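Visitor: Please take a close look at one part of this model, the surroundings of the ligand, and then work outward from there into the rest of the fold.

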Amino acid sequence: MADTTQALISRVSVPPRLLGDPAPSGADLDDIMAAAMSAPDHGALTPWRFITIQGDARAKLGDVFVDALKKRDPDADEAAIEKERNRPMRSPMIVVAVAKIDDTVANVPPVEQSVATGIAAYNMILAAQDKGYGGILLTGKNAQDLNVKAALGLEPTDEIVSFVYLGTPIKQVSDKRRPNASEFMSEWTG
Ligand SMILES: Cc1cc2nc3c(=O)[nH]c(=O)nc-3n(C[C@H](O)[C@H](O)[C@H](O)COP(=O)(O)O)c2cc1C
């Protein structure tokens, strides 16, 4: 089997708590982002934008998540607040993958623009893994929250497709049992 196919089959996400230093940087980060740029992109719209957050800025993002939670739920308890505050601190780097949706393009509906951005984010995960890093795509309520979008300088119509958590695995994630593809396939013969 070709190495690429084997890498795809054995790919696993690395939870943020297992992502330590270093985050990808320099030529490695350049390559990871170049991989994002090769995502299939209907109409060559390049709908994606990527916002990198690392170091002390992660604590500021935690504050943004806390403010957003308090606005969503004024009765949020201290445990929930601390969870949001610590959320970005779990890994050394977060890249916010954003689809800048243009709903005026005739042949490329918004869902395709989000899909293209999601594939770009996934390409980042694959390239990161190839270089010995690890990562995971996460969303949650913050991805839809208008206050989070505003704090990141985004428009309400922008879609946060994923928070891409990146770092170096502090321990190996064990292999996962994957679904049997044949259970999800059928043949249409007309
Ligand atoms: C767009 C997107 C958003 C996701 N958001 C979450 C999330 O918020 N929480 C979560 O536990 N998993 C989320 N996942 C799934 C994880 O990225 C990951 O696939 C999952 O933990 C299973 O690990 P695996 O990729 O090794 O199978 C999301 C996946 C995608 C594609």
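Guide: A residue is counted as near the ligand if its C-beta atom, placed from the backbone, lies within 6 Å of it. The model is a predicted one. By that cut-off, the ligand is surrounded by Val12, Ser13, Gly118, Ile136, Leu137, Leu138, Thr139, Gly140, Val161, Ser162 and Lys176. Sorted by class, this shell holds 5 nonpolar, 5 polar and 1 charged residues. Two strands, strand 4 (134–138) and strand 5, each supply at least two residues of the shell. Strand 4 is the one that gives the most, with 3 residues.

Gly118, one of the shell residues, falls within the range of helix 5 (110–130). Helix 5 has 21 residues, and the distance from its first C-alpha to its last is 30 Å, close to the 30 Å expected at 1.5 Å a residue. Its buried residues are Gln113, Ser114, Ala116, Thr117, Ala120, Ala121, Tyr122, Met124, Ile125, Ala127, Ala128 and Gln129. These pack against helix 2, strand 2, strand 3, strand 4 and strand 5, and strands 4 and 5 are also the two that each supply at least two residues of the ligand shell. Just after helix 5, Gly132 takes a positive phi of about 95°.

From helix 5 the path leads to the nonpolar core. The largest such core has 36 residues, and those with the most contacts inside it are Ile94, Val95, Ala97, Ala121, Met124, Val164 and Leu166. Two or more residues come from each of helix 2 (26–37), helix 3 (57–72), strand 3 (93–99), helix 5 and strand 5 (159–169). Helix 5 gives the most to this core, with 8 residues. Ile94 can serve as an example of the packing: leaving aside residues up to four places away in sequence, Ile94 touches Ile53, Arg58, Leu61, Pro88, Phe163, Val164 and Tyr165.

Leu61, one of those contacts of Ile94, brings in helix 3. The 16 residues of helix 3 should span 22 Å at 1.5 Å a residue, and the end C-alpha atoms are 22 Å apart, which agrees. The buried residues of helix 3 are Leu61, Val64, Phe65, Ala68 and Leu69. They lie on the same side of helix 3, because they cover an arc of only 135° around the axis. Their packing partners are strand 2 (48–54), helix 4, strand 3, helix 6 (141–144) and helix 7 (146–151).

Helix 4 (residues 78–86) contains Lys83. Lys83 is partly exposed, as 15 other C-beta atoms lie within 10 Å. Lys83 and Gly62 are 21 residues apart along the chain, and their C-alpha atoms are separated by 9.0 Å.

Some backbone details lie in the loops. Asp21 and Pro22 are joined by a cis peptide bond, with omega about 0°; Pro22 sits in the loop between strand 1 (19–20) and helix 2. The loop between helix 2 and strand 2 holds Ala44 and Thr46. Neither is a glycine, yet Ala44 has a positive phi of about 50° and Thr46 one of about 40°. Ala44 is exposed, with 8 other C-beta atoms within 10 Å, whereas Thr46 counts as partly exposed, with 14 C-beta neighbours inside 10 Å.

Last comes Phe184, in the segment after strand 5. Phe184 counts as exposed because it has 7 C-beta neighbours inside 10 Å.

Conventions. Residues are numbered from 1 along each chain as its sequence is written. This is a predicted model: local features need pLDDT of at least 70, side-chain atom pairs count only at pLDDT 80 or more; totals for chains, interfaces and linings use all residues. Helices (H or I, at least four residues) and strands (E, at least two) are DSSP runs, numbered from the N terminus. A residue is buried if 20 or more other C-beta atoms lie within 10 Å of its own, exposed if 12 or fewer, and partly exposed in between; C-beta atoms are placed from the backbone. A nonpolar core is a set of buried Ala, Val, Leu, Ile, Met, Phe, Trp, Tyr and Cys residues joined through C-beta atoms within 7 Å. Two residues are in contact if their C-beta atoms, placed from the backbone, lie within 7 Å. The expected span of a helix is 1.5 Å times one less than its number of residues. The arc is that of the directions from the helix axis to the C-beta atoms. Ala, Val, Leu, Ile, Met, Phe, Trp, Tyr, Cys and Pro count as nonpolar, Asp, Glu, Lys and Arg as charged, and the others, Gly among them, as polar.
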